[in-house]
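Trainee: I would like to go through this model with you. Can we start with the pockets and then turn to the ligand?

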Amino acid sequence: MVAYKTKVAERIHLPSRDRRERALAEAGYNVFNLDAEDVFVDLLTDSGTGAMSDAQWAAVMRGDESYAGSRSFDELESAVRDVMGFSRVVPTHQGRGAENVLYGTLLSEGDVALNNTHFDTTRAHVANQGADPVDCPVEGAHDLATDEPFKGNFSLERARSVVDEVGAERVPLVISTITNNSTAGQPVSVENTRRVRDFADEIDATFVIDACRFAENAGFVRRREDEFTDADIDEIAREQLGYADAIVMSGKKDGLANAGGFVATDDEALFERCKQRAILYEGFPTYGGMSGRDVAALAVGLREAVEEAYVADRIDGVRAFADLLEDAGVPIYTPPGGHAVYLDAGAALPHLDSDEFPGQALVCELYREGGVRGVELGSFAFPDTDRPELVRLAVPRRTYHTEHFEHVAETAATVIEKRESVAGLEITSEPENRELRHFTADLEPVSPSQ
Ligand code: F0G
């Protein structure tokens, strides 16, 4: 059931094919370098790109910009308490700010952090403390076509083998990312979360949940975990998040806001330490790098994110988009996740080897063919790993309609029909930090594609 109608309209354009060709070449075949004006359907990310509600915009007007003691912060604190169950909140400018505050507080040189799968900013913040980020995805997480309900889960077996190898004293931090963005947005079960809690206790580690997409995760739990069939979304969210000592949150995802983030906890000592670090990097602890109006919008967004109608609309919407793609013959990761559909570029463009970047080639063709922008998450974004060649088409919240998704599915189907003419790519310049090369590197086709 559709849960929204449009109140503010933004004009978009499909540039001519000629313009798209030129824009792609000018962007060095890297869609991060495109002008957004040249993009028709922008599925680069679901982060901060969604439509805020009328209630959020009303809250924006009432935002309290006081440097200290802002009323908007009180609203955020009470939303976090009601929706997520934590009493202490340290606001930050966005999710990675929260990662810096919390992981900078918890980690030291030589430590190891375990995570079901580190998102790229999480990995970078762990490494930035001189610690080693180790992924513990479950077996089958990278199988693109199985129907397991919780492929995002944290593997206790892998975690135990790491602890056996390095010693428990080197592992002060265990993280569960819900949903698991770097594993195709797959959900994590509450049952798995309980086991991770027990494991963290066994090794005397702090257990953190990366809660960016906690509401989508709760929606999947209700549909797939028997114990929760009759529970409300917010009850599930509090149950799952309640196993953690602290959470990191990007308000740009399930906060339904365009900016913001926070750390939340019930641990007074941890709260105090985070607060001190936040003053250094983010701002005074009642705004933390956000404007008061952003804080106010986030407080309202958090409450909307656990409304039954919102979560149903979200999960069904992404599922419907995945169905359109599958019906058009486009190979995708199944089951689809909560915030995006991931295309299997290896299967879509089987004539390209991984050193010709099939995922990036597919991203470029989607733009060239239909002005669609996605993001590569394969051999270009993750050099020297053996991850599958995926392209993520992230779905901004409450933004696009069926016609947009039909256009994307038709575009992808056309690219696949013409797959033989799709050229591979090579990198012509890249930054010193290879881990972040997909944001700024330039490429060119290995041979002319038309
Ligand atoms: N953790 C996860 C799981 C994320 O997906 C992100 C951001 C962050 C932390 C950092 O949050 O962007 O507010 O600083 N993911 C975005 C994406 C960028 O496109 O998936 P942030």
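Trainee: Which residues lie nearest the centre of the largest pocket, and how many residues line it?

Mentor: This is a predicted model, so keep that in mind throughout. The lining of the largest pocket has 48 residues. A51, R398, T399, Y400 and H401 lie nearest its centre.

Trainee: What elements give two or more residues to that lining?

Mentor: They are α2 (54-61), α12 (308-327) and α15 (402-417). Helix α12 gives the most, with 10 residues. The volume of the largest pocket is about 1800 Å³.

Trainee: How do the lining residues of the largest pocket divide by class?

Mentor: There are 24 nonpolar, 12 polar and 12 charged residues.

Trainee: In which pocket does the ligand sit?

Mentor: The second largest pocket holds the ligand. The test is that more than half of the ligand's atoms lie within 2 Å of the pocket's grid points. The ligand passes, so we say that it sits there.

Trainee: What makes a residue part of the shell around the ligand?

Mentor: One of its heavy atoms must lie within 4 Å. Here 17 residues surround the ligand. The closest are T45, R96, D210, S250 and K253.

Trainee: Which helix gives the largest share of that shell?

Mentor: Helix α4 (residues 95-106) does, with 3 residues. By class, the shell has 2 nonpolar, 8 polar and 7 charged residues.

Trainee: Why is the pairing of S250 with the ligand called a polar contact?

Mentor: The cut-off for a pair of N or O atoms is 3.5 Å. A polar side-chain atom of S250 is 2.7 Å from a ligand oxygen atom. That distance is within the cut-off, so the pair counts. R96 also has a side-chain N or O atom 2.7 Å from an oxygen atom of the ligand. For Q94, the distance from a polar side-chain atom to a ligand oxygen is 2.8 Å.

Trainee: How much of the ligand does the protein bury?

Mentor: The protein buries 94% of the 470 Å² that the ligand exposes when taken alone.

Trainee: Let us turn to the backbone. Which peptide bond ending at a proline is cis?

Mentor: The bond from T334 to P335 is cis, with omega near -10°. P335 lies in the loop between α12 and β9 (340-344). The peptide bond from I178 to T179 is cis as well, with omega near -20°. T179 is in the loop between β5 (173-177) and α7 (190-202).

Trainee: What is notable about the phi of D204?

Mentor: Its phi is positive, about 60°, although D204 is not a glycine. D204 is found in the loop between α7 and β6 (206-210).

Note on methods. Residues numbered from 1 in each chain as written. Predicted model: local features only at pLDDT ≥ 70, side-chain atom pairs only at ≥ 80, totals over all residues. Heavy atoms only, no water. Polar contact = N/O pair within 3.5 Å; in protein donor to acceptor, adjacent residues only side chain to side chain. Areas by Shrake-Rupley, 256 points an atom, 1.4 Å probe, with all protein chains shown as cover. 1 Å grid on protein atoms, 1.4 Å probe; cavity = no way out; pocket = protein on both sides within 12 Å on 5 of 7 lines; lining within 4 Å. Helix = DSSP H or I, 4+ residues; strand = E, 2+ residues; numbered from the N terminus. Nonpolar A, V, L, I, M, F, W, Y, C, P; charged D, E, K, R; others polar. Points joined across faces, edges and corners; volume = space filled by probe spheres on them.
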